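This report looks at charged side-chain pairs and at how much of each partner is open to solvent. Please have the sequence and the model in view while reading.

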Amino acid sequence: LNIGQFTKRSYNVMLGYGFSDRLNLFVNVPYVTTSATGGQMEGAHGVQDLSLALKYQILKIENPSFKWNFFTSAGYSFPASSYLSDYMPFSLGLGTNEFSGRVIMETRYKSLIYLRSSFAFLHRTTTKAERDFYYAGQGYYTNIMDVPDVLAVDIALGGFLFSNKVQVECSWVNQTSLSGDDIRRQNAPQPTNKMNVSGANVYVRYFPEFIKGWSIFTNYNHILQGRNAGQSKGYTAGLTY
């Protein structure tokens, strides 16, 4: 209540490169800004984390009506600037190295309707705070904070309409921290917190005929339930080529 309405904006430039029909590389670098309508805390802005990921198609099964695809991916991200992670909720990110492993399963019916699910484990290392003591269940006389690992699950149902010109997708996402503490009443959030979130997304993508190879997309997401995480709404828009 003492910061009013909090807003976070992220401007992403992402590159995908196909080494083969089965193996892809993805690179993402976000520029993030944070601000609030009230209180005395100033927002932050800058480059957040550099993310690298490899995605590999393990298996593909096809028959006249259905297609099944099985993928795995491995990722690594690290801070791309010296931002302060222990300045939540205004910090640009968690300021930690993250190693991720993911399994993705997808089935399609006549290339029109699809169901996709993914399961991921995110291992996060430590982050450095600008203080020599913090409390996380007990007192720690150090500026190094452990950031909890996370299990992530998402399930999506989507389809292609109007002769494959429009893609529509609805999904449910959940992230559960495997350790961590709760925000104390007299404290601000910190990277050691057990941050669990569950929410829903609606995604729409349009493939215009007059600019071949391009698509326009938009996404709405709503955090419905959380622990040490605020109830929030998010809007995304972008272009792909």
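## Salt bridges and their surroundings

In this predicted model, Glu62 counts as partly exposed because its relative accessibility is 46%. Its partner in a salt bridge is Lys60, with the closest N and O atoms 3.3 Å apart, and Lys60 likewise counts as partly exposed, since its relative accessibility is 44%.

This pair belongs to a wider set, for a search of the whole structure finds seven salt bridges. Three of these, including the pair just described, are listed below with their N to O distances.

| Pair | N to O distance |
|---|---|
| Lys60 and Glu62 | 3.3 Å |
| Arg131 and Asp86 | 2.6 Å |
| Glu98 and Arg124 | 2.7 Å |

Where in the chain do the partners Arg131 and Asp86 lie? Arg131 sits in the loop between strand 8 (126-128) and strand 9 (134-135), whereas Asp86 sits in the loop between strand 5 (66-79) and strand 6 (98-109), so that the salt bridge links distant parts of the chain, 45 residues apart. The two partners fall into separate accessibility classes: Arg131 is partly exposed, with a relative accessible area of 30%, while Asp86 is buried, with a relative accessible area of 14%.

The salt bridge between the side chains of Glu98 and Arg124 also links distant parts of the chain, with Glu98 in strand 6 and Arg124 in strand 7 (residues 113-124), 26 residues apart. Are these two partners buried or exposed? Both Glu98 and Arg124 are buried.

Methods. Residues are numbered from 1 along each chain as its sequence is written. This is a predicted model: local features need pLDDT of at least 70, side-chain atom pairs count only at pLDDT 80 or more; totals for chains, interfaces and linings use all residues. Side-chain values use heavy atoms; hydrogens and water are left out. A salt bridge is a side-chain nitrogen of Lys or Arg within 4 Å of a carboxyl oxygen of Asp or Glu. Buried means under 20% relative accessible area, exposed over 50%, partly exposed in between (1.4 Å probe, protein chains only). Helices (H or I, at least four residues) and strands (E, at least two) are DSSP runs, numbered from the N terminus.
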